[in-house]
Amino acid sequence: MNYNFNEIEAKWQKYWAENQTFKADNDSEKEKFYVLDMFPYPSGAGLHVGHPLGYIASDIYARYKRHKGFNVLHPQGYDSFGLPAEQYAIQTGQHPAITTEANIKTYRRQLDQLGFSFDWSREVRTSDPSYYKWTQWIFIQLFNSWYNMDTDKAEAIDSLIQIFEKEGNTKVNAVCDDDTPNITAELWNAFSSKEKQALLLKYRLTYLADTEVNWCPALGTVLANDEIVNGVSERGGHPVIRKKMTQWSMRITAYAQRLLDGLDKIDWPQPLKDSQTNWIGRSEGASVTFKVLPPAPSIGGGEHSRLTGDSSIIGVLLERAKEMRKNPTEAENVLWQALRTKKLDLKFRRQHPIYRYIVDFVSLEKNLIIEVDGKIHEYQLDKDAQRTLELEQKKGFKVIRFSNEEVLNNLEDVIRNIEQTLHSLPSGEGWGGDTIEVFTTRPDTIFGVSFMTLAPEHELVSKITTPEQKDEVEAYIEATAKRSERDRMADVKTITGAFTGAYAEHPFTKERVPIWIGDYVLAGYGTGAVMSVPCGDQRDYDFAKHFGIPIPNIFEGVDISEEAFADKDNTVIANSDFLNGLPYKKAVKRAIFELEKIGQGKGKVNYRLRDAVFSRQRYWGEPFPVYYDADGMPQMLDEKFLPLELPEVDKYLPTESGEPPLGNAKEWHWLQYGDEGKVVSEEEFERAISDTEQPVLSGVEVGRSGEIKGGALELNTMPGWAGSSQYFNRYMDPHNDEEIFSQEAINYWQDVDLYIGGSEHATGHLLYSRFWQKFMFDKGWVPKDEFAKKLINQGMITGESAFVNIIEGRLRNGNEDVSGHCQIIVSKELYESLENNEGMLGQLPKKLSSFLNERLSYHQDFNPDVSEYDRYYKAFKSTQISVDFVNLKNEFRFLDLIDDPRLSEIGSAHYFDGDNIIPNEKMTKETLGKVYREVEKMSKSKYNVVNPDAICEEYGADSLRLYEMFLGPLEQSKPWNTAGITGVHSFLKKLWRLYHSGPNGEFYVSDAPPKEGSGEAFKTLHKTIKKVEEDIENFSFNTSVSTFMICVNELSAQKCNSRAILEPLAILVSPYAPHIAEELWEKLGHTTSIATASFPKFEEKYLVESSKEYPVSFNGKMRFTLELPMDMTKEEIEAAVMAHEKTQQQLQGRTPKKVIVVPGKIVNIVG
RNA sequence: GCUCGAGUGGCGGAAUUGGUAGACGCGCUGGAUUCAAAAUCCAGUUCUUUCGGGAGUGUGGGUUCGAUUCCCACCUCGAGUACCA
C-alpha cells in the first residue's frame, strides 16, 4: 500500500474538525498550557511558505504538550481591522468587511490544509462588534483611570476627584501633563463642570491632547514619518506640513519604569528586550533651572519690551489696552485700588496684553491673572473657558475670576481668595522672569556650560527673543518648520542655529549664558532645551565651533582642541568650584546636592518613551465610544450601550472639510434619554434637543424622566494595535457577553506560556500589550502583570529570486542609442568574466560577437535610418523571473515567458549554453534556459513567492511541516529551496514502509518483541525519545527531524516490525507529522485520536553500552579509534592504547610526555 | 555612529558542561533496477596528497593535554535604532 498523503491528510483534517479534537476545556484537572501565535492580519495575498513557520513550531509544541498530559489552549483568530482592506475600499468602493471576510476564508483554508491543532471554537476577529465591544470597554476603563505614583498603579478617577475636592492637586503624586496648573481645593470646587473635565483630561490614562502630526492637505490625512520623502508625500508628491491636531493619546509613559522592570521577569529574546529598553530610553540625570536674564536696559527697555502679547497682533492689543485703561468699570477700579494698596508684595499690571488677549490684572512675577467679569460674560461662558484654558495650558498662567458683584460687595473675600491663590503658586524666590528648565545626564559638567540651546519650537523662544534678533530667529524657525522631522534626522551634519539675543544666568557662577536655538535639540525630548557643554558633548562642541562660542575645558588633563571628551569613566572635573578633583559619579551627586540647595535643580529620571497617539483618521478600525457634549468635552458612552458599531459610509475618503471618513456617516450623533440611547443623524439630534414635546426613541415613547444627553460622536477610529493588545486574554473566554472574560477563566489560564511570532512587533504590539496588561493587573482583572512568560521570534524564510544575465546588441550614433533588438541569455560565469558591462563587440567571446554582428547588420539592412550607427553591446542582469516559471533544476522554458508582458523580451531572446547559441526562432517548447538564484525577502513584488498550496498538493502537509522545521533553527532567517523537500518526503515514505512490511506492501506489525540479539531496536527508539524530547523542550526542531531520519534509517536496516517499537515511534512523530501518525495509529488498532496518547517514556537502561570506541588523539588531533570495554580503568586504557601498533607508528620511537585519559570520552597523547 | 546577532563543504545546516568537526538532508559522481523515464536501492562526496599522510570551522593572537565552543584585537554580513542632552 502506498503512502497516499493527499487522501490521508484530508481524512484526518475532517476527523479533527468533526470531533473537535483540539477543543480546550476551561474546567480541567489537568495542568494548563497556553500556546499562542501572534495575531495574523488576513491579507489578500494569502500565505506563502514563510508565514506558517511559526505556526508549525507552536503546533508541534502544543501537540507535544498534549502528549505530555497538559490541557492545552491553542487558539487562533484574526486581527482583521487594517489598512489594506481600507485602501482596497477606497479604490473599488467594496466594503472592507467583504474584502476581509473573503481574505479570512482563504486564510482559513490554507491554515486547515496544514493540519494545525487550533481550537477554532474560540476564534475571534477584531473587526467583529462582539469583540470590539471589549476593546471599547478597555478604552473607557483607561479613560476612567489615573496613575498614582505613590501606590505605583492605576486607580479610579473618582479617587482623584475626591483628592481634588479635599486638597486640590498640589500634593497628589500623579502622572499628568507637563502643563498641568496648580489648583487649590477651593478653586477646584468653584470650577465649572467643563473646567473640571478639562483638568481631569490631564490625568486620565487616555486623554485628548494636541499632538504635532504630519498633515498632508492634498491627501486629507495624517502621514507617518516614513510616508514622507524630502518634505513631500511619498504618494503624489504633495506638500506636508507640521500641524497640531487634537488626538486621543494613551498615557503609556506612566508605565515606563514598570515596563522596563518587567523585562527581567520574562523569558523573551534578548534583542527584543534590548529594543524595548532602547525604546523606553531611560536616562538618569538632573533637571536644572536656568533663569532668563531681563534684557539690558540699553536694548529695548520699557514696560513692553518683554513681549507677553502675541507679537503678530501686539500693536492692536496695546492700542486696545490703552483704551480700556482709560475706561475701567467700577469693579475694575475698586480692585485695582485694592491691589495697589493692600500690600500683596507684588506688582500688578492692569489691562495688560497676554498672548492674544488683554487681561484685567496680571502679576508677571507670579504668572497670576485676575479677571473681573461684567454682565457680558454671562453670555460668553464658553469663550471665557476657552481663554482660561489657553492661558493656563499654553502660557502657564494661573487664572482666577470674580464677578462684578463679588468685587463690589465683598472685596475682603476677594482679596483673601487672591492671597490664598498666591500662596499655592510656586514662589520662585521673588524671581519675576522666565526660567528655562533643562534635563541633563551630566550635571557634573555644569561649570562647562557656555551657552544654552532651545528647540526652535520651544515656547519661550518668541518671548525672550530681542527685537534685534527677531528677524533672524523667525527666519530660522520658518526654515526648520519646513523640514520634516525625518529630514532633520537624516541631515545631522549641517549645523544650523540662531542667537536669540537673550541670556540666562548660570546657577552657580551667575555669569551670562547666551541662549541659542538650534534644531539639533529636539522639542519632543526632555524639556526641549539643553544646557550646552561643548567640552563634554560632541554636538554642543560642533555647534560652538561653528558659531564661535567659547569652549571652556572643565576636565583635568584632557585635550579638547579637536573634539569633545565624553568618556565618563576617566573623568576628573576641574575649573568647577566645589566639583574640582571629583570623578564622574561623585561629581554628579555633589552637583545635584548643590542644585537642590539653591532650589534650581534636582535629580531626575527621564524617558524617551512618548505617550502613544491613539487616533487614526481611518474608517476600518474600532470607533471610539465617545461623544462630545455641548461644552465640546468628550464623554464616554455608558458600558451598557457597547458596542458602538461602525457606521456605514458612502465613501471611505476624508470629507471635503478634511474630517476623517466617519464624517461621511449620515447617522453619527449620540442621543440618550435616561437609559435609552441611540445613534442618530445630526438633524434628528438637533430636533430632539430643541424639541420640548414628548420624545420618541427607537419608535418607543420614553418619559422625560431621564436627562437628555449626547452629541457628535468621535470621528477618528482606533489604531491597529488596539484590538491586539488584550486578545490573548479574550481567548480564554471568547464568547462571554457579560464580561471581557470571567474570573474563573483567567484564573485557570493565567497567562501565555509560549508566544511565537515575528520580531517586527518588538516596540509596537508587544509594548502596548504589556502596558494594557499592567493596567488590567492594576485594576485587579488579571492575575499576572506580564501576559507572556516565554516568547520566541521565528526567523524569516527568505525567497530565492531567479535571474538571468543578458548581453544586448545596441546601436549608437553620438547621443542616440537604440536597441538592436537582439538579446542573448548567457551564464552568470560568462557575465562576470566580462571586463566591461558595455563595449565593442570584439571584446566578447568570438561566438557571441559574430552572432551579434550578423544580427545587427541584418537589423540595419532593414532599418536604413540606423544603418550608419556603431554596433556595441551592453551586459546586464534581468529583473526577477517569476519562480513559477522555474523548475527544481533552475531551468525555465523560453517560450513560456513570451506571454508574460514583463518577461516577453527574455522569452524572445537567444540562448548561449556555453558552447553554442540557440537562436530564438529555432527554439521548441522544450528548450530550456538556466537561471541563477539570489536570496531576497520573499515577497510578491520580487516574484519569488512560493505558495504552500502547491507544496501540499505535491508532497503533502506533513512533508511541508517537516521541511520547514528541517530548514534550520527556528529563530534564524534562512532561504527557501523547494528542491530540498524531497529529502523529508522520502523520509515519510520510508517511515510508511516501516509499518508496511507485509506482502505487497500491506500493513504489518508483529506483536512479538524485537528479535533477540537486536536490543538495537530499543536502543534506537530510546535514543530517539531522549533526543526528540530534549529538542522540543529547547525549541530545536530542526535537529529532531534529523533524529527521526536516523531512527527510521536504523530501524529499516534492522528490518524492525515490532509493535513495541513502532507504536511509540508513531507518537514521537505525531507532533511533527500528525496526519501520517494518526493514520498509522489507527492501523495499529486504535479507535481514538493519537492526539492525547501519552508520550513514550525514556529509559536509560537501553542506552547503556558495554564498550566505547575511543578516539585516540596525538596533540589534540584524532588519528584513529580503538574499541575498549567501558569498565576499564584509566591505567588499563592507557596501557591498551600504548600497546597499540598505530600508537607506536604515530610516535615513531618518541616517548610521550603525557597521556590524558578521560574514561568514556577520549585519549590524548602529548609528545 | 550605537546596540544586538551571525560567520563551519557546492547549498541548508549538525556538533548538549571545551573531548572523534562536517551528523541529517539537498546537490553532485558512479553503480543496480528499467525498453526508457520517474520512483527506489547501493557506494562515494571538506580540501590537499608522492595515498604514508597533511591541512582545515571569517582573520590574527591567547588560555588549555585538547578550542567551532572560552578570552583579546580585527574583518565581513545581517537585524534593530538613530542628533535622547
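# Close-up views of a predicted model

**Figure 1. Two strands run side by side in the parallel sense.** Strand β31, which covers residues 797-803, pairs with β41 in the parallel sense, and 2 bridges link the two. Within this pairing, I797 of β31 has K974 of β41 standing opposite. Like every view here, this one shows a predicted model.

**Figure 2. A step back brings the rest of the sheet into view.** The sheet is an open one of 3 strands, and their order is β40-β31-β41. Its pairing is mixed. Look next at the edges, where β40 (932-937) and β41 (974-975) stand. Each of these two edge strands has a single partner strand, so one side of each is left without a neighbour in the sheet.

**Figure 3. Here the protein meets RNA strand B.** There are 54 residues around RNA strand B, and T441, Y525, R539, L967 and M1045 come nearest. By class, the residues of this surface divide into 20 nonpolar, 17 polar and 17 charged. Which parts of the RNA lie within 4 Å of the protein? Sugar or phosphate accounts for 64% of the RNA strand B atoms within that distance, and bases make up the rest.

**Figure 4. Three contacts with RNA strand B can be picked out one by one.** Start with L967, one of the residues that come nearest to the strand. A backbone N or O atom of L967 is 2.4 Å from a sugar or linking oxygen of RNA strand B. Move on to L522, where a backbone N or O atom lies 3.1 Å from a base nitrogen of the RNA. Finally, find R1119: a polar atom of its side chain is 3.4 Å from a phosphate oxygen of RNA strand B.

**Figure 5. This view goes inside the protein, to its largest cavity.** The count of cavities of 30 Å³ or more comes to 3, and the largest cavity holds about 60 Å³ of space. Its lining is made up of Y131, W134, T135, I138, A722, G723, Q726, Y727, R730, I740 and W772. By class, these lining residues are 7 nonpolar, 3 polar and 1 charged.

**Figure 6. Helices contribute to the lining of the largest cavity.** Which helix gives the most to this lining? That is α5, with 4 residues. Both α5 (129-143) and α22 (727-730) supply at least two residues each to the lining of the largest cavity. To find your way around the cavity, look for Y131 and R730, which are among the lining residues.

Key: Residues are numbered from 1 along each chain as its sequence is written. Chains are lettered from A and ligands numbered from 1 in the order in which they are written. This is a predicted model: local features need pLDDT of at least 70, side-chain atom pairs count only at pLDDT 80 or more; totals for chains, interfaces and linings use all residues. Side-chain values use heavy atoms; hydrogens and water are left out. A residue is near a molecule or strand if one of its heavy atoms lies within 4 Å of it. A polar contact is a pair of N or O atoms within 3.5 Å; within protein, one must be able to donate a hydrogen and the other to accept it, and residues adjacent in sequence count only if both atoms are side-chain atoms. Ala, Val, Leu, Ile, Met, Phe, Trp, Tyr, Cys and Pro count as nonpolar, Asp, Glu, Lys and Arg as charged, and the others, Gly among them, as polar. On a 1 Å grid over the protein atoms alone, a cavity is a set of points where a 1.4 Å probe fits but cannot get out, and a pocket is an open set with protein on both sides within 12 Å along at least five of seven lines; lining residues have an atom within 4 Å of a point. Grid points are joined across faces, edges and corners, and a volume is the space filled by probe spheres set on the points. Two strands pair if DSSP finds at least two bridges between them.
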